[in-house]
Amino acid sequence: MDKVFYQYIFNKQQKVEAVPSNKDIALWAIHLIGLLFPEQSNDNYANADEIESTFNQLKKELKTILDSTQACINCDNQVITDQFFEFIPELYRILKTDVKAILDGDPAAKTEFEVIRTYPGFYAISFYRIAHQLFIRNTPLIPRILTEYAHSKTGIDIHPAAVIGEYLYIDHGTGTVIGETAIIGHHVKLYQGVTLGALSVTKNMAGIKRHPTVKDHVVIYSGATILGGDTVIGENTIIGGNVWLTQSVPADSVVYHKPSIQVLDKNQKI
């Protein structure tokens, strides 16, 4: 290798050094979630003025992250920051609906504190909700960093561009995948290993709806795979475990996979 190559790598390094690490960007979101939900934080505040001051500090940090990331030359980072923090009360309200969905839907959940503090589904949803608000404000890179951080911690992969309604309940969650153009209604319940994916992943489908639409009050059990941008799951439908689905389902349906299972005496020859 010659000195030109070394210089090229050095120049790239100089550009990257100013960008906060993925961990630092995720830490900003962790602090925000901990401020909204003290159940996830050990920080104590003496009064509301200290809460306001902390929000203002997080607002400054977001602006700094947006500026230093330099992923969007033409973005007005101050406007993005202002709009995001104006939305915080509504973001909190929506997240509270997710907490309620988990608490009401899981017999094992005893309190809101338990849901907020321990449930990986709520953790992943929290990061998604923050990332989505940044995404719809045309923020590049950072939304994906946030959801991938939550993915690494929970095994739940939610693309920040997905459109998801209120009262989302992800139970257990490991291996759950929600693709970029998926649309999910209100009061939807997803179990572990559910995939809302694309039939094709060719690059020429970028910008095209290629992930399913799931309407209100749908339950999708573990291991179900639902594919395709034209696939619509109607309201109040139940999708059974391990179902492979590439076509639409009308409202009030039950879809299940019927395997052939035999139970034999252990001494009986197969």
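Is Y167 buried, exposed or partly exposed? Y167 comes out as partly exposed, with a relative accessible area of 24%; more on that residue in point 5. Some notes on the rest follow.

1. First, the overall picture. Keep in mind that this is a predicted model. The protein has 270 residues, and buried ones make up 44% of them. Its secondary structure amounts to eight helices and 14 strands. The C-alpha trace spans about 70 × 60 × 40 Å along its principal axes. The exposed area is about 15000 Å², with carbon and sulfur atoms supplying 54% of it. As for contacts with a separation of 6 or more, 45% are between residues 24 or more positions apart.

2. Now the five-stranded sheet. Reading across, the order is β3-β6-β9-β12-β14, the sheet is open, and the pairing is parallel. The edges are β3 (169-170) and β14; each has a single partner strand, so one side of each has no neighbour in the sheet. Further in, β6 (residues 189-190) and β9 (residues 219-220) run parallel and are joined by two bridges. If you want one pair to look at, take L190, whose bridge partner in β9 is I220.

3. There is also a sheet of four strands, again open and with parallel pairing, in the order β2-β5-β8-β11. Here β2 and β11 (232-233) are the edge strands, and because each has a single partner strand, one side of each is left without a neighbour in the sheet. Two bridges hold the parallel pairing of β2 with β5 (residues 183-184). I164 has I184 as its bridge partner in β5. As a reminder, strands of a sheet pair through backbone hydrogen bonds, either parallel or antiparallel.

4. Next, H159. You will find H159 in the loop between β1 (157-158) and β2 (163-164). Despite the loop setting, H159 counts as buried because its relative accessibility is 14%, under the 20% cut-off. What does the side chain of H159 join through a polar contact? The partner is the side chain of R144, at 3.4 Å. Setting aside neighbours within four places in sequence, H159 is in contact with Y128, R144, I178, G179 and E180, so R144 turns up both in this list and in the polar contact.

5. Two backbone angles deserve a look. Most residues other than glycine have a negative phi. Y167, in the loop between β2 and β3, has a positive phi, near 60°. H187, in the loop between β5 and β6, also has a positive value, with phi near 55°. H187 counts as partly exposed, at 35% relative accessibility, and Y167 is partly exposed too, at 24%.

6. On to G197, which sits in strand β7 (residues 195-197). Is G197 buried or exposed? G197 is buried, since its relative accessible area is 10%. Beyond residues up to four places away in sequence, G197 touches R210, H211, P212, I226, L227 and G228. For a sense of distance, G197 and E39 are 33 Å apart in space, C-alpha to C-alpha, and 158 residues apart in sequence.

7. Then S253, placed in the loop between β13 (244-245) and β14. S253 is buried, with a relative accessible area of 14%. Its side chain reaches the backbone oxygen of P250 at 2.7 Å. Leaving out residues up to four places away in sequence, S253 touches N236, T237 and I238.

8. Last, the surface around V254. V254 belongs to strand β14 (residues 254-255), which stands at an edge of the five-stranded sheet. Where S253 is buried, V254 is exposed, with a relative accessible area of 59%. Which residues make the nonpolar surface patch of about 420 Å²? They are Y221, I238, V254 and Y256. Note that I238 from this patch is also one of the residues that S253 touches.

Conventions. Residues numbered from 1 in each chain as written. Predicted model: local features only at pLDDT ≥ 70, side-chain atom pairs only at ≥ 80, totals over all residues. Heavy atoms only, no water. Buried < 20%, exposed > 50% of the residue type's maximum accessible area, 1.4 Å probe, protein only. Polar contact = N/O pair within 3.5 Å; in protein donor to acceptor, adjacent residues only side chain to side chain. Contact = heavy atoms within 4.5 Å. Patch = residues over 30% accessible without salt bridge, like charges linked within 9 Å, V, L, I, M, F, W, Y side chains within 5 Å. Areas by Shrake-Rupley, 256 points an atom, 1.4 Å probe, with all protein chains shown as cover. Salt bridge = Lys/Arg side-chain N within 4 Å of Asp/Glu carboxyl O. Pairing = 2+ DSSP bridges.
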